[in-house]
Amino acid sequence: MANLILLRHGQSLWNLENKFTGWTDVDLSENGVKEARVAGKLLAKNGISWDVAYTSLLKRAIRTLHLAAAGTDCLYVPEIRSWRLNERHYGALQGLDKSETVKKYGEEQVRIWRRSYDIPPPMLKPSDARSPLFEKKYRNMDPRVLPMGESLKTTCERVLPFWNDAIAPVLLEGKNVLISAHGNSLRALVKYIKQISDADIPNLEIPTGIPQIFEMRNDLSVARDYYIN
């Protein structure tokens, strides 16, 4: 039996400012740094370590991984980064204040954009300065795979191939895995792992900075899952 550890990054600066973040590469807030350090202490206190770590290309997830790993003496553990673990791309909403967006479009419309399974937000134009086409970290990627906005459904569609090709084989070897990522990329994984329906997934909340442990059977079904806090 292997452990899968999921850790949503600590509070980011834009979480604090109540802005839509998505692929915008903002850093952790002071409180987010504390959350990541506490996560490491909780993992150490419970005797939980990992053999391989995965994270996104966004600094808030990478820093959370490093801060948590420092608290568990796991900084030496191999680390693999992939854009497929990035947060859901919020399209033209990125950088907008959530409260102001509600005033402009209405609470129900914003709720649909944020929480529905298959309805994306308004898309960015490729020429928009916020487009990933203009970021160095994606310059070697096929521009056709870079999103201009995503629903949770399309987030699942790019997360799950990485799970199947990179993460699941490591768990099948009996190794423990930690994934430091984002609310929606982790929701995509949990939806798949726990077989949560399209109708029920909008109700799933993943808190920042609190490790969730999945004890995985040999067939990668979940024997038990729980948060440590």
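**Exercise 1. The enclosed space**

Find how many cavities of 30 Å³ or more are counted in this predicted model, and say which residues line the largest cavity.

*Solution.* Begin with the count, which comes to one cavity of 30 Å³ or more. Next take the volume: about 30 Å³ of space lies in the largest cavity. Then go through the lining, which is made up of Leu6, Leu7, Arg8, Leu186, Ile206, Pro207, Ile210, Gln212 and Tyr227. Strand β1, which covers residues 2–8, gives the most to this lining, with three residues. Finally, sort the lining of the largest cavity by class, which yields seven nonpolar residues, one polar residue and one charged residue.

**Exercise 2. The open space**

Work out what volume the largest pocket has, which residues are the closest to its centre, and which helix gives the most to its lining.

*Solution.* The first step is the volume of the largest pocket, about 340 Å³. The second step is the lining, which holds 20 residues, and of these Arg8, Glu87, Tyr90, Arg114 and Asn184 are the closest to the centre of the pocket. Arg8 is also listed in the lining of the largest cavity, a link back to the exercise above. The third step is to look at the helices: α5 (107–115) and α7 (183–194) each supply at least two residues of the pocket lining, and α7 gives the most, with three residues. The last step is again the sorting by class, in which the lining of the largest pocket has nine charged, seven polar and four nonpolar residues.

**Exercise 3. Two residues with positive phi**

For Asn18 and Leu220, determine where each residue lies, what value phi is near, and whether the residue is buried, partly exposed or exposed.

*Solution.* Start with Asn18, which is found in the loop between α1 (13–16) and α2 (30–45). Phi of Asn18 is near 60°, which is a positive value in a residue other than glycine. The relative accessibility of Asn18 is 29%; since buried means under 20% and exposed means over 50%, Asn18 therefore counts as partly exposed.

Turn now to Leu220, which sits in the loop between β5 (212–216) and β6 (222–227). Here phi is near 70°, once more a positive value in a residue other than glycine. Leu220 has a relative accessible area of 17%, and because the limit for a buried residue is under 20%, Leu220 is classed as buried.

Terms used: Residues are numbered from 1 along each chain as its sequence is written. This is a predicted model: local features need pLDDT of at least 70, side-chain atom pairs count only at pLDDT 80 or more; totals for chains, interfaces and linings use all residues. Side-chain values use heavy atoms; hydrogens and water are left out. On a 1 Å grid over the protein atoms alone, a cavity is a set of points where a 1.4 Å probe fits but cannot get out, and a pocket is an open set with protein on both sides within 12 Å along at least five of seven lines; lining residues have an atom within 4 Å of a point. Grid points are joined across faces, edges and corners, and a volume is the space filled by probe spheres set on the points. Helices (H or I, at least four residues) and strands (E, at least two) are DSSP runs, numbered from the N terminus. Ala, Val, Leu, Ile, Met, Phe, Trp, Tyr, Cys and Pro count as nonpolar, Asp, Glu, Lys and Arg as charged, and the others, Gly among them, as polar. Buried means under 20% relative accessible area, exposed over 50%, partly exposed in between (1.4 Å probe, protein chains only).
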